[in-house]
Amino acid sequence: MEQTFIMIKPDGVQRGLIGEIISRFEKKGFYLKGLKLMSVERSFAEKHYADLSSKPFFPGLVEYIISGPVVAMVWEGKDVVLTGRKIIGATKPSEATPGTIRGDFAVEVGRNVIHGSDSVESARKEIALWFPEGIAEWRSNLHPWIYEA
Ligand code: UDP
Ligand code: MG
């Protein structure tokens, strides 16, 4: 089954949205395989967003990510990368559909509450970066009630 890396950004933590966000992924039927609250250093944030290093918003983005603790998570499930992006909503909250996390809880692109991997390949890299220690091995006993055989 597919895995994705999801991060609640510092604004999501400060605003008390951790439970709400976890709940949305949990209720959907995805499995939480890794979870930690941590503050990251500048060099680590720069590495996570290396693909965006030439963008004008990159310095502000790095400041944002290191401005407070984040919640790093690995979620597993069928098509979880793409579906996770749908649960999160469009990058710009003004374009995010109500019912999505950014559509419901964010106003500004530079305060958009949450990160989600954009492909299976990015997910693999991001999980390796954020969880070098590895993740949990478990499957819910409700599995057959969520997934067809
Ligand atoms: N971002 C920004 N200004 C922009 C575009 C992006 O501040 O014009 C920030 C925003 O927080 C976004 C992050 O940079 O979530 C990463 O950008 P990306 O295009 O990868 O969007 P995402 O994958 O998070 O939807
Ligand atoms: Mg992205």
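Q: Which residues does UniProt list for "domain: Nucleoside diphosphate kinase-like"?
A: The model discussed here is predicted, whereas the domain comes from an unreviewed UniProt entry. Within the listed span, helix makes up 41% and strand 19%, and the C-alpha atoms at its two ends lie 12 Å apart. The UniProt entry gives the domain as residues 1–137.

Q: How many residues of the shell around ligand 1 are nonpolar, how many polar and how many charged?
A: The shell consists of Lys9, Tyr49, Leu52, Phe57, Leu61, Tyr64, Arg85, Thr91, Arg102, Val109, Gly110 and Asn112. Sorted by side-chain class, these residues divide into six nonpolar, three polar and three charged.

Q: What percentage of the accessible area of ligand 1 does the protein cover?
A: Oxygen atoms of ligand 1 lie 2.9 Å from a side-chain N or O atom of Lys9 and 2.7 Å from one of Arg85, while a polar side-chain atom of Arg102 is 3.0 Å from a ligand 1 oxygen. On its own, ligand 1 has 500 Å² of accessible area, and the share that the protein covers is 77%.

Q: Where in the chain does Phe57 lie?
A: An unreviewed UniProt entry places the feature "binding site" at Lys9, Phe57, Arg85, Thr91, Arg102 and Asn112. The lining of the largest pocket includes Lys9, Phe57, Arg85, Thr91, Arg102 and Asn112, and this pocket is the space taken by ligand 1. As for the backbone around Phe57, this residue lies in the loop between α3 (42–48) and α4 (58–65).

Conventions. Residues numbered from 1 in each chain as written. Chains lettered and ligands numbered in written order. Predicted model: local features only at pLDDT ≥ 70, side-chain atom pairs only at ≥ 80, totals over all residues. Heavy atoms only, no water. UniProt positions renumbered as here; feature names shortened; annotations may be inferred. Helix = DSSP H or I, 4+ residues; strand = E, 2+ residues; numbered from the N terminus. Near = heavy atom within 4 Å. Polar contact = N/O pair within 3.5 Å; in protein donor to acceptor, adjacent residues only side chain to side chain. Areas by Shrake-Rupley, 256 points an atom, 1.4 Å probe, with all protein chains shown as cover. 1 Å grid on protein atoms, 1.4 Å probe; cavity = no way out; pocket = protein on both sides within 12 Å on 5 of 7 lines; lining within 4 Å. Sits in = over half its atoms within 2 Å of the grid points. Nonpolar A, V, L, I, M, F, W, Y, C, P; charged D, E, K, R; others polar.
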